[in-house]
Amino acid sequence: MRELGAEIARDYADSEPILVGSLKASFVFLADLSRALPILHALDFVELAGYGSSQMGGHEQIRVLKDLDADIRDRDVLVVEDVIDTGLTLHYLVRTFELRRPRSIAVVTLLDRPYRRLVEDLPVRYVGFVVPDELYVGYGFDLDERWRQLPDLRLLRFDPASPDREF
Amino acid sequence: MGLDSPAFQAYRGTEPPRFASRAELECAKVLDYYGVPWMYEPRTFVLETDEAGRVTEAFAPDFYLPEQDLYIELTVMKQSLVTRKNRKLRKLRERYPEVKIKLFYKRDLERLAQHFHLDLVS
């Protein structure tokens, strides 16, 4: 976290970026990153209804559940993601933000699975860890809204012989 | 066989797509939901011809994402049965090195299905 914070602070030394957390899973990472970032910066949040989620509510087009509070025109925007998989959510976010004429958009993600990418044209500038194709919980990551509160990231393993999940 | 399609918003083809599998339909719905322009089997790549110039082997990837300039092929076959498709893909890459294509294996689709709560089998 310190390394990421130092790198971002160096790149934005002459700026006061706005860090935009993509809810929900990124909130813990955003909190830690913000505290590791020794430059002035603002915070905001956005939330989209993911495909297949209960919040989708039968809509066939993506739905914004929480939009930004801040005006990002002429601002340096740093989107904070928990993990990038297919890139579809991030692709939508970046395109939407670009319409609001920010000075720049970049992305920082805690975890990355580049081998699962469906869209490539993403401004991913900072990556915590490239991780294998496993399921994680804790540190904001959930499975069906459970285990977000665990203080650190844990690998979730399914026991095929039992409906109970072990991690 | 074809599966009925909903009214797609990001579809960039001219004819209504006729999906060959549930997995293809679900993939189209996900792309559409996120507003990623897509086409369904827009191009058939010739892989082999005989001496008379007749096409003896061809390959039409399932999806094309024009903004990404990327083809996507899905396969729901078991890993042990994808040899033929892998061979076709290898030929395509040899003959059309400028073409970007990704093959999503059954395991990849299962991960996507898990992520997006897709129903790939009904």
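Tutor: Buried means under 20% relative accessible area, exposed means over 50%, and partly exposed lies in between. The model discussed here is predicted.

Student: Why is B:Lys91 called buried?

Tutor: B:Lys91 has 15% relative accessibility. The limit for buried is under 20%, and therefore B:Lys91 counts as buried.

Student: How do you know that B:Lys91 and B:Glu48 meet in a salt bridge?

Tutor: The rule asks for a side-chain nitrogen of Lys or Arg within 4 Å of a carboxyl oxygen of Asp or Glu. For the side chains of B:Lys91 and B:Glu48 the N to O value is 3.0 Å, so the pair satisfies that rule. The pair links distant parts of the chain: B:Lys91 belongs to helix H2 (residues 83-95) of chain B, and B:Glu48 to strand S2 (residues 45-49) of chain B, 43 residues apart.

Student: Why is B:Glu48 called partly exposed?

Tutor: B:Glu48 has 26% relative accessibility. Because partly exposed covers what lies between the limits of 20% and 50%, B:Glu48 is placed in that class.

Student: What makes B:Glu94 exposed and B:Arg95 partly exposed?

Tutor: The relative accessible area of B:Glu94 is 54%, and exposed means over 50%, so B:Glu94 is exposed. B:Arg95 has 35%, which lies between the two limits and therefore makes B:Arg95 partly exposed. The side chains of B:Arg95 and B:Glu94 also meet in a salt bridge, at 3.6 Å from N to O.

Student: Which residues are linked with these in a network of salt bridges?

Tutor: The network links B:Glu48, B:Glu57, B:Arg87, B:Lys91, B:Glu94 and B:Arg95. Over all chains, the structure holds 23 salt bridges.

Student: How do you know that A:Asp85 and A:Arg116 form a salt bridge?

Tutor: Their side chains meet at 3.9 Å, N to O. The cut-off is within 4 Å, so the pair qualifies. A:Asp85 lies in the loop between strand S4 (76-84) and H3 of chain A, while A:Arg116 lies in the loop between strand S5 (104-112) and strand S6 (124-130) of chain A, 31 residues apart.

Student: Are A:Asp85 and A:Arg116 buried or exposed?

Tutor: A:Asp85 has a relative accessible area of 6%, and A:Arg116 has 10% relative accessibility. Both values are under 20%, so A:Asp85 and A:Arg116 are buried.

Student: What makes A:Glu120 and B:Lys102 a salt bridge?

Tutor: The N to O value for their side chains is 2.8 Å. This falls within 4 Å, so the pair counts. The rule finds 1 salt bridge across the interface of chain A and chain B.

Student: Which element gives the largest share of the side of chain A that touches chain B?

Tutor: Helix H3 (residues 88-98) of chain A gives the largest share, 5 residues. That side of chain A has 11 nonpolar, 7 polar and 11 charged residues.

Student: How many residues are in contact between the chains?

Tutor: In chain A, 29 residues are in contact with 27 residues of chain B. Together the chains bury about 2,400 Å², with 52% of it on carbon and sulfur atoms. A:Tyr51, A:Leu88 and A:Leu118 supply 33% of the area that chain A buries against chain B, more than any other three residues.

Student: Which residues touch the most other members of the largest nonpolar core?

Tutor: They are A:Phe97, B:Leu31, B:Trp38 and B:Phe63, in a core of 46 residues. Helix H1 (residues 22-33) of chain B contributes the largest share of this core, 7 residues.

Terms used:
Residues numbered from 1 in each chain as written. Chains lettered and ligands numbered in written order. Predicted model: local features only at pLDDT ≥ 70, side-chain atom pairs only at ≥ 80, totals over all residues. Heavy atoms only, no water. Core = buried A, V, L, I, M, F, W, Y, C linked by side-chain atoms within 4.5 Å. Buried < 20%, exposed > 50% of the residue type's maximum accessible area, 1.4 Å probe, protein only. Helix = DSSP H or I, 4+ residues; strand = E, 2+ residues; numbered from the N terminus. Contact = heavy atoms within 4.5 Å. Buried area = accessible area lost by both parts, 1.4 Å probe. Nonpolar A, V, L, I, M, F, W, Y, C, P; charged D, E, K, R; others polar.
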